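Thank you all for coming; I would like to walk you through one protein this morning, beginning with its overall make-up and then turning to a few places in it. Please have a look at the sequence and the model before I go on.

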Amino acid sequence: MVQYNFKKITVVPGGKDFIDIILSRTQRQTPTVVHKGYAINRIRQFYMRKVKYTQTNFHEKLSTIIEEFPRLDDIHPFYGDLLHVLYNKDHYKLALGQINTARNLIGKIAKDYVKLLKYGDSLYRCKALKVAALGRMCTVVKRIGPSLAYLEQIRQHMARLPSIDPNTRTILICGYPNVGKSSFINKITRADVDVQPYAFTTKSLFVGHTDYKYLRYQVIDTPGILDRPFEDRNIIEMCSITALAHLRAAVLFFLDISGSCGYSIAQQAALFHSIKSLFMNKPLIIVCNKTDLQPLDGISEEDKRLVEEMKSEALKTVIGQGGEATNDQGGVLLTMSTLTEEGVISVKNAACERLLDQRVELKMKSKKINECLNRFHVAMPKPRDQKERPACIPQAVLEAKAKEAEEAIHKAKKKLEKDLEDDNGGAGVYSASLKKHYILAHDEWKEDIMPEILDGHNVYDFVDPDILQRLEELEREEGLRQEQDGGDDDVEMDYDLTQEEKEALAEIRKKKSLLIQQHRIKKSTAESRPTVPRKFDKDKQFTSKRMGRQLKSIGLDPRLAIERARSKSRGRKRERSIDRDDTMDVDGEQSNKKRLRTSISRSRSVSRPPHEIVPGEGYRDSAQKMKAMVLAKKSSKKRNKDARRGEADRVIPTLRPKHLFSGKRGKGKTDRR
């Protein structure tokens with residue numbers, strides 16, 4: 001099945017844009033440097049390459065335009081006639097023909113100038129030939145500029161055409177303007193066609209899709225047709241005529257029996273008879289629309305006679321398809337109202353059923369059916385005995401179904417909010433009540449007016465359904481408390497304690513105060529307590545005497561603390577001088593050791609020598625350990641020299657620093673580069 005997708009056609013550039021695209025591509029994709037010192041053969045090849053490359057680009061672009069636009073003789077007749085109606089077949093073919101001629105001319109120009117370039121005897125002459133060749137090609141493209149602009153407009157319009165498949169199941173809606181065609185397609189499909197109360201709202205074909213018996217149907221809404229000669233019809237009407245002439249579809253001819261469209265039934269019947277030749281070999285249904293304004297039984301006798309004539313013409317299409325003429329009008333004459341949606345689904349189902357029957361009948365008459373029927377086998381089971389075996393349905397299920405049927409009969413139809421709105425003036429007049437769903441003790445309370453603000457307070461802050469019950473509980477609790485207190489206003493109660501109990505209470509309080517003091521001492525350690533420099537202690541408040549008094553008050557001996565503070569405050573200068581004087585009479589070796597020992601801080605332990613073996617390191621002796629340390633130092637030397645972080649550092653630095661290799665070179669030396 002051929003799919004026509006005109007949205008994929010490539011954009012057609014204008015004449016000037018076309019030249020800019022090709023020449024800029026030639027400049028970018030071909031070499032640009034040539035000198036007089038080159039061999040003449042090399043110069044000729046340089047310019048021949050430019051001419052050939054330009055011709056190839058022009059050829060590819062123009063060929064793409066010619067191939068992507070549809071050929072009217074090769075596509076489906078529906079699309080061929082539709083494009084002819086919209087764009088004029090002659091102008092369309094002429095524009096594509098000019099594009100083809102330009103492509104051939106550019107090929108000839110390139111061929112001629114390549115021949116001339118073979119005999120170019122200098123750089124100047126070869127360049128002049130190249131300029132002339134490209135100039136003539138651009139002139140040819142400039143001349144077809146109007147054709148390119150015309151094809152671009154056609155491409156934009158074709159991209160907006162609906163995707164209509166001429167071979168699928170199709171329902172076609174036709175009739176006078178403003179008879180309800182667009183409203184019908186909006187009801188049965190998801191299409192959103194503009195509906196307005198004036199003629200020719202629909203100016204082109206619109207497509208929607210609907211489902212019937214698990215099959216997809218294509219519904220086409222056509223513009224309105226007027227009853228006038230064929231040559232007087234405009235482009236909008238010709239779109240409808242083209243669809244009726246070329247699409248194999250079920251045709252729904254809409255008839256406005258109320259006359260609100262502005263055309264009488266006689267005028268609509270005249271249109272039907274003028275285009276009935278287009279309905280041949282197609283399922284035809286006459287749809288009487290707008291029955292909510294005027295029922296079919298209420299029209300005049302003259303109009304009834306015209307409708308009967310149209311019905312008889314529609315019955316001929318049924319007989320022509322091999323069907324039987326029936327007296328009932330259910331097959332070819334249907335009534336409906338798109339406003340109340342009465343009869344809409346029955347019209348859709350009748351059209352789909354008629355179309356499906358016709359397609360099945362055509363397939364049964366074709367030659368391919370014999371090949372398919374050979375593969376089918378319908379199995380008919382034979383009865384094994386004379387006993388009847390009816391379907392067994394349990395009695396409980398039958399009773400439940402009967403009960404449901406009775407309830408459905410007696411149950412009145414629930415009145416919806418939409419029905420209430422229609423009964424009370426419609427939208428904008430009726431206002432739905434939100435209070436009728438309130439759950440209250442009495443239904444008459446629902447419509448009571450309840451204030452929201454009262455005396456400057458929000459009423460809902462004071463609404464409590466259990467307020468009386470809570471008030472009783474509070475009063476009861478208050479009465480119990482008053483009875484227990486006995487009217488005493490004293491909150492503190494005196495307890496009579498014995499002497500032993502009083503002593504135990506004193507011990508507990510003393511123990512508690514000691515624990516609090518110990519906690520405070522732990523908390524204020526020397527690290528956390530701020531030290532006060534002497535320059536801020538101008539009033540001599542923080543002295544050793546004061547410290548002694550404080551230590552005595554908490555029961556500690558202050559002598560050791562005072563002596564330690566005095567020894568710390570002296571410093572180490574005097575001690576060093578004493579050591580230096582004492583070592584005058586001692587030999588040098590002992591004095592050096594003593595000085596080293598006194599100068600080392602006591603807070604730091606002596607380091608282990610590097611050659612000393614620690615258990616667990618895995619060395620045999622100290623010599624092996626020293627050898628391993630030397631090897632490790634040598635292995636890391638190259639890594640340190642390259643500024644590596646470790647053995648896993650694989651970073652490759654910038655081999656060409658930007659500050660050395662960017663910008664213009666100066667006049668000085670360039671050795672460092």
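The secondary structure of this protein comes to 22 helices and eight strands, where helices (H or I, at least four residues) and strands (E, at least two) are DSSP runs numbered from the N terminus. I should say at once that this is a predicted model, in which local features need pLDDT of at least 70 and side-chain atom pairs count only at pLDDT 80 or more, while totals for chains, interfaces and linings use all residues. Residues are numbered from 1 along each chain as its sequence is written, and side-chain values use heavy atoms, with hydrogens and water left out.

Of the 673 residues in the protein, 29% are buried, and here buried means under 20% relative accessible area, exposed over 50%, and partly exposed in between, with a 1.4 Å probe and protein chains only.

Let me turn to the core. The largest nonpolar core, that is, a set of buried Ala, Val, Leu, Ile, Met, Phe, Trp, Tyr and Cys residues joined through side-chain atoms within 4.5 Å, has 117 residues, and among those that touch the most other members are Phe 69, Phe 184 and Leu 244. Helix H4, residues 89-117, gives the most to this core, with 11 residues. If we leave aside neighbours within four places in sequence, Phe 69 is in contact (heavy atoms within 4.5 Å) with residues including Ile 9, Val 12, Tyr 92 and Leu 96.

Now to a residue of another kind. Is Lys 625 buried or exposed? Lys 625, which is found in helix H21, residues 622-641, counts as buried because its relative accessibility is 9%. Its side chain is joined to that of Glu 617 by a polar contact of 3.1 Å, a polar contact being a pair of N or O atoms within 3.5 Å, where within protein one must be able to donate a hydrogen and the other to accept it, and residues adjacent in sequence count only if both atoms are side-chain atoms.

Finally, two loop residues. Tyr 214 has a positive phi of about 60 degrees although it is not a glycine; this residue is found in the loop between strands S2 (206-212) and S3 (215-221), and Tyr 214 counts as exposed at 86% relative accessibility. Lys 290, also not a glycine, has a positive phi near 65 degrees, but Lys 290 counts as buried at 15% relative accessibility.
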